[in-house]
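This report goes from annotation to overall fold, then to two helices, the cores and three loop residues. Keep the structure open while reading.

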Amino acid sequence: MHNLLILKFFPFIAIAIAIELTFLFWKHKLNRYYSWKESLASFGVFVGYVASGIFSKTLLVGLSLWLWEHRLLTVPLDTWWGILLLFLAIEFFYYWQHRASHRIRWIWASHAVHHSVNRLNLSAAYRLGWTGWLSGNFLFFLPPVWLGFHPIAVGVGLSLNLFYQFWIHSELIPKLGGLEWILNTPSHHRVHHASNRAYIDRNYGGVLIIFDRLFGTFTEENLSNPPVYGLTKPVRSHNPIAIALHEWARMLRDMQMTRSWRDCLAIALGSPSGDGWAKAFRTKLRELN
Ligand SMILES: [Zn+2]
Ligand SMILES: [Zn+2]
């Protein structure tokens with residue numbers, strides 16, 4: 001459902017991209033903001049994302065229907081407050097899913113695909129990973145079902161959350177005044193896609209930016225520090241399969257260089273940069289050994 005809904009939005013997405021391209025062409029900025037090879041590769045990655053959705057969908061639908069049978073409560077979705085709670089719940093769990101995607105390498109292996117674009121434009125929005133089912137991203141959306149939100153409502157809400165994020169992949173939209181306080185905006189998402197030291201691993205929100213403000217991961221775009229897009233170790237390939245699997249390959253290579261399964265586990269569960277708790281976790285495992 002998640003993926004099929006995206007296909008319904010496709011005409012709108014194509015028109016918006018055409019407007020962005022026309023505007024950039026008119027302003028003689030097309031080459032600065034677009035790379036045809038990169039955008040075409042993103043489209044190839046998107047096709048693979050839709051196809052691989054069958055795995056995530058089967059897992060999410062199967063598990064959530066089972067959980068729904070064992071739910072704690074039932075939130076009535078024919079009330080305004082029920083819809084508001086659903087929206088906030090999806091935003092909350094999306095935030096933690098996205099934060100985990102950046103801080104746990106096993107999940108980053110799927111999410112790095114989205115961050116592999118070296119130029120930010122609307123065509124980058126749907127460069128999405130193929131292996132979320134393997135990384136376990138869907139697990140983050142089971143708690144709202146268990147708490148009492150119907151699985152279909154959670155699925156539709158997630159699709160809308162993803163669709164909202166389409167327009168924030170633009171360099172052309174400036175800061176938006178008061179909206180910047182509440183919403184995730186193009187400015188906030190430029191920071192999220194940047195690999196500058198000051199910007200890395202910030203602004204995880206979906207529609208809202210308030211959870212970043214609450215949990216200390218918010219950073220404002222500083223106009224004197226323009227974002228540099230892409231990964232700290234950039235991906236140069238334009239082959240969709242190589243793009244979709246590059247971080248798994250890098251992770252496996254790192255694992256091959258370790259001495260024990262404990263080190264492998266520390267790599268998989270540690271942060272992608274190998275700093276902070278990945279290091280601490282590895283030390284702890286050695287102590288236990
Ligand atoms: Zn991200
Ligand atoms: Zn993005």
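UniProt positions are given here in the numbering used for this chain, feature names are shortened, and annotations may be inferred rather than shown by experiment. The model itself is predicted.

**Annotated spans**

The UniProt record, an unreviewed entry, annotates "transmembrane region" over residues 6–26, 46–68 and 80–96. The record also carries "domain: Fatty acid hydroxylase" over residues 84–217, again from an unreviewed entry. The table sets out what the model shows for three of these spans.

| Span | Helix | Strand | Distance between end C-alpha atoms |
|---|---|---|---|
| Residues 46–68 | 100% | 0% | 30 Å |
| Residues 80–96 | 100% | 0% | 25 Å |
| Residues 84–217 | 51% | 0% | 24 Å |

**Overall fold**

How many helices and strands does the protein have? There are 14 helices and zero strands. The pattern along the sequence is therefore α-α-α-α-α-α-α-α-α-α-α-α-α-α. The radius of gyration is 19 Å, and the globule rule gives 19 Å for 289 residues, so the protein is as compact as a globular protein of that length. Along the principal axes, the C-alpha atoms fill a box of roughly 60 × 55 × 35 Å. Of the 289 residues, 36% count as buried. Take the contacts between residues at least 6 apart in sequence: 69% of them join residues at least 24 apart.

**Helix H3**

H3 has 34 residues. Its first and last C-alpha atoms are 48 Å apart, close to the 50 Å expected at 1.5 Å a residue. Where is the kink in H3 centred? It is centred on Ser-52, with an angle of about 35°. Ser-52 is also one of the buried residues of H3. Others among them are Glu-38, Ser-39, Ala-41, Ser-42, Val-45, Phe-46, Tyr-49, Gly-53, Ser-56, Leu-60 and Ser-64. An α-helix has 3.6 residues a turn, so residues three or four places apart point the same way. Val-45, Tyr-49, Ser-52 and Ser-56 are among the buried positions to follow on the model.

**Helix H12**

Helix H12 covers residues 240–256. Its 17 residues should span 24 Å at 1.5 Å a residue, and the end C-alpha atoms are 25 Å apart, which agrees. H12 bends by about 50° at His-246. His-246 is buried, as are Pro-240, Ile-243, Ala-244 and Glu-247. What covers the buried residues of H12? The cover includes helix H3 (36–69) and helix H5 (105–111).

**Nonpolar cores**

The largest nonpolar core has 26 residues. Val-45, Val-113, Leu-128 and Ile-243 touch the most other members. H3, H5 and H12 are the elements that give two or more residues to this core. Leu-128 shows how distant parts of the chain meet here. Leaving aside neighbours within four places in sequence, Leu-128 is in contact with Val-45, Phe-46, Tyr-49, Val-113 and His-114. A second, separate core holds 19 residues, including Leu-60, Leu-86, Phe-93 and Tyr-95. Leu-60 is one of the buried residues of H3.

**Three loop residues**

His-28 is not a glycine, yet it has a positive phi of about 55°. The residue lies in the loop between helix H1 (2–26) and helix H2 (30–33). Is His-28 buried or exposed? His-28 counts as exposed, because it has 8 C-beta neighbours inside 10 Å.

Asp-201, not a glycine either, has a positive phi of about 55°. Its place is in the loop between helix H10 (186–193) and helix H11 (210–215). With 14 other C-beta atoms within 10 Å, Asp-201 is partly exposed.

Asn-184 sits in the loop between helix H9 (179–182) and H10. Why is Asn-184 buried? It has 26 other C-beta atoms within 10 Å, and the cut-off for a buried residue is 20 or more. Beyond its neighbours within four places in sequence, Asn-184 is in contact with Ile-168, His-189, Asn-203, Gly-205, Gly-206, Val-207, Leu-208 and Ile-209. Gly-136 is 48 residues from Asn-184 along the chain, and their C-alpha atoms are separated by 24 Å.

Conventions. Residues are numbered from 1 along each chain as its sequence is written. Chains are lettered from A and ligands numbered from 1 in the order in which they are written. This is a predicted model: local features need pLDDT of at least 70, side-chain atom pairs count only at pLDDT 80 or more; totals for chains, interfaces and linings use all residues. Helices (H or I, at least four residues) and strands (E, at least two) are DSSP runs, numbered from the N terminus. The expected span of a helix is 1.5 Å times one less than its number of residues. The bend at a residue is the angle between axes fitted to the seven residues ending there and the seven starting there. A residue is buried if 20 or more other C-beta atoms lie within 10 Å of its own, exposed if 12 or fewer, and partly exposed in between; C-beta atoms are placed from the backbone. Two residues are in contact if their C-beta atoms, placed from the backbone, lie within 7 Å. A nonpolar core is a set of buried Ala, Val, Leu, Ile, Met, Phe, Trp, Tyr and Cys residues joined through C-beta atoms within 7 Å. The radius of gyration is taken over C-alpha atoms; the globule rule is 2.2 Å times the number of residues to the power 0.38.
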